[in-house]
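Here's a quick briefing to keep beside you while you look at the structure. Let's walk through a few spots worth finding on screen.

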Amino acid sequence: MKPFNYIKEETVKAVLSSNIGDSKYIAGGTNLIDLMKKDIAQPDSVVDVTSALSNKIEKQSRSIRIGAMASNTAVANHERILSEYPLISKAILAGASPQIRNMASTGGNLLQRTRCPYFYDVTTPCNKRKPNSGCSAIHGENRMSAVIGYNEQCVAVHPSDFCVALVALDAKVNILDNNQKNTTINFIDFHKLPESTPQKDNNLPEKALITSIEIPENSFNKNYAYVKVRDRDSYAFALVSVAAGLDLKKNRIAEARLASGGVAHKPWRWYEAEKFLKGKEASVDNFTQAANIAIKDLKPLSHNGFKVEMLKGAIVTALQNCISI
């Protein structure tokens, strides 16, 4: 690992002032330290934000606010999250190990980088790691790679489970930029597709801090599900995952939410399938039609064609699980 300076600050203002040159923020460090060990991230300095950012989980007038330093474990086990936003807890508990969830922060979860094997292998071309070097996965081992929203620049997928639930529930990301200006980004717009800048995972301004996540009130706390299909039953990233929520009036769907992980460079919302389900009866036939709508635009790569039927099955299963709670 390259030698680096460690800076710990107690206030947001001091953190922003210390993050100059080639430096990185560090909270739980569960992803950054791996990247530093692999020589993918080589900062001259790391700035510890653990004392500067809030770890509080607070009820707002029509939402809940989760401080950027709240651990994944604290969020998953919080009484109000469990009662009013249980899809969040379900998704978090599907990811990582208890030890990592104890360390990982809410803000850091949003910023974790892909687990594409070529990204981690510094001997291979990777546009995400080294722009304009090429994408080894597009014609290589791409079993875990994207099936939608990719281009020739990058076929990597976003690894977070937490983020899939957040995008399904229309969360917002509160940030503080380098000029100490507060800004809010809709979660659906926070992460980005590869486009011409595959090295960028998100639209967070340079040196900006995530201060909190805000999730609006919703009607999906009774009929919800998170389905994660993976190679082994624990501590594995998703081949595909589905966060689902139904607002049911008797057996009629007033509103539906569907989002997926393991399919694109960012957590993916299935808006067309949601629109189809609205007003329909909650039935296996309608769930299957919604799944068919979701998969119709998928473009699998050479080694991940199985994801098409896998995703279809996961969507149907998640929606069925919503009505069996």
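**What to look for**

Phe-4 is partly exposed, with a relative accessible area of 33%. Keep in mind that this is a predicted model. The points below start from Phe-4, go through two open sheets, and end with two lysines that have positive phi values.

**Around Phe-4**

- Phe-4 sits in the segment before strand 1, which covers residues 5-8.
- Together with Met-1 and Tyr-6, Phe-4 makes a nonpolar surface patch of about 320 Å².
- Phe-4 counts as partly exposed because its 33% falls between the cut-offs of 20% for buried and 50% for exposed.

**The three-stranded sheet**

- Three strands make up an open sheet, in the order 1-3-2 and with parallel pairing.
- Strand 1 and strand 2 (23-26) are the edge strands here, each pairing on one side only.
- On average, neighbouring strands of this sheet are turned by 25° against each other, if you ignore direction.
- Strand 1 and strand 3 (residues 45-48) run parallel and are joined by four bridges.
- If you want a pair to click on, Ile-7 has Val-47 in strand 3 as its bridge partner.

**The four-stranded sheet**

- Another open sheet has four strands in the order 9-10-11-12, and here the pairing is antiparallel.
- Strand 9 (224-229) and strand 12 (268-269) each have a single partner strand, so one side of each is left without a neighbour in the sheet.
- Helix 5 (residues 86-93) packs on this sheet and touches strand 9 and strand 10 (240-249).
- The direction of helix 5 makes about 15° with that of strand 9.
- Over at strand 12, two bridges tie it to strand 11 (residues 252-261), and the two run antiparallel.
- To find that pairing, look for Ser-260, which stands opposite Trp-268 in strand 12.

**Two lysines with positive phi**

- Lys-207 has a phi near 70°, a positive value in a residue other than glycine.
- You'll find Lys-207 in the loop between helix 10 (187-190) and strand 8 (209-216).
- Is Lys-207 buried or exposed? Lys-207 is buried, with a relative accessible area of 16%, and the cut-off for buried is under 20%.
- Lys-250 isn't a glycine either, yet its phi is positive, at about 60°.
- Lys-250 lies in the loop between strand 10 and strand 11.
- Lys-250 is exposed, with a relative accessible area of 85%, where exposed means over 50%.

Conventions. Residues numbered from 1 in each chain as written. Predicted model: local features only at pLDDT ≥ 70, side-chain atom pairs only at ≥ 80, totals over all residues. Heavy atoms only, no water. Patch = residues over 30% accessible without salt bridge, like charges linked within 9 Å, V, L, I, M, F, W, Y side chains within 5 Å. Areas by Shrake-Rupley, 256 points an atom, 1.4 Å probe, with all protein chains shown as cover. Salt bridge = Lys/Arg side-chain N within 4 Å of Asp/Glu carboxyl O. Buried < 20%, exposed > 50% of the residue type's maximum accessible area, 1.4 Å probe, protein only. Pairing = 2+ DSSP bridges. Contact = heavy atoms within 4.5 Å. Axes fitted to C-alpha atoms, helices over the stretch in contact; angles between N-to-C directions.
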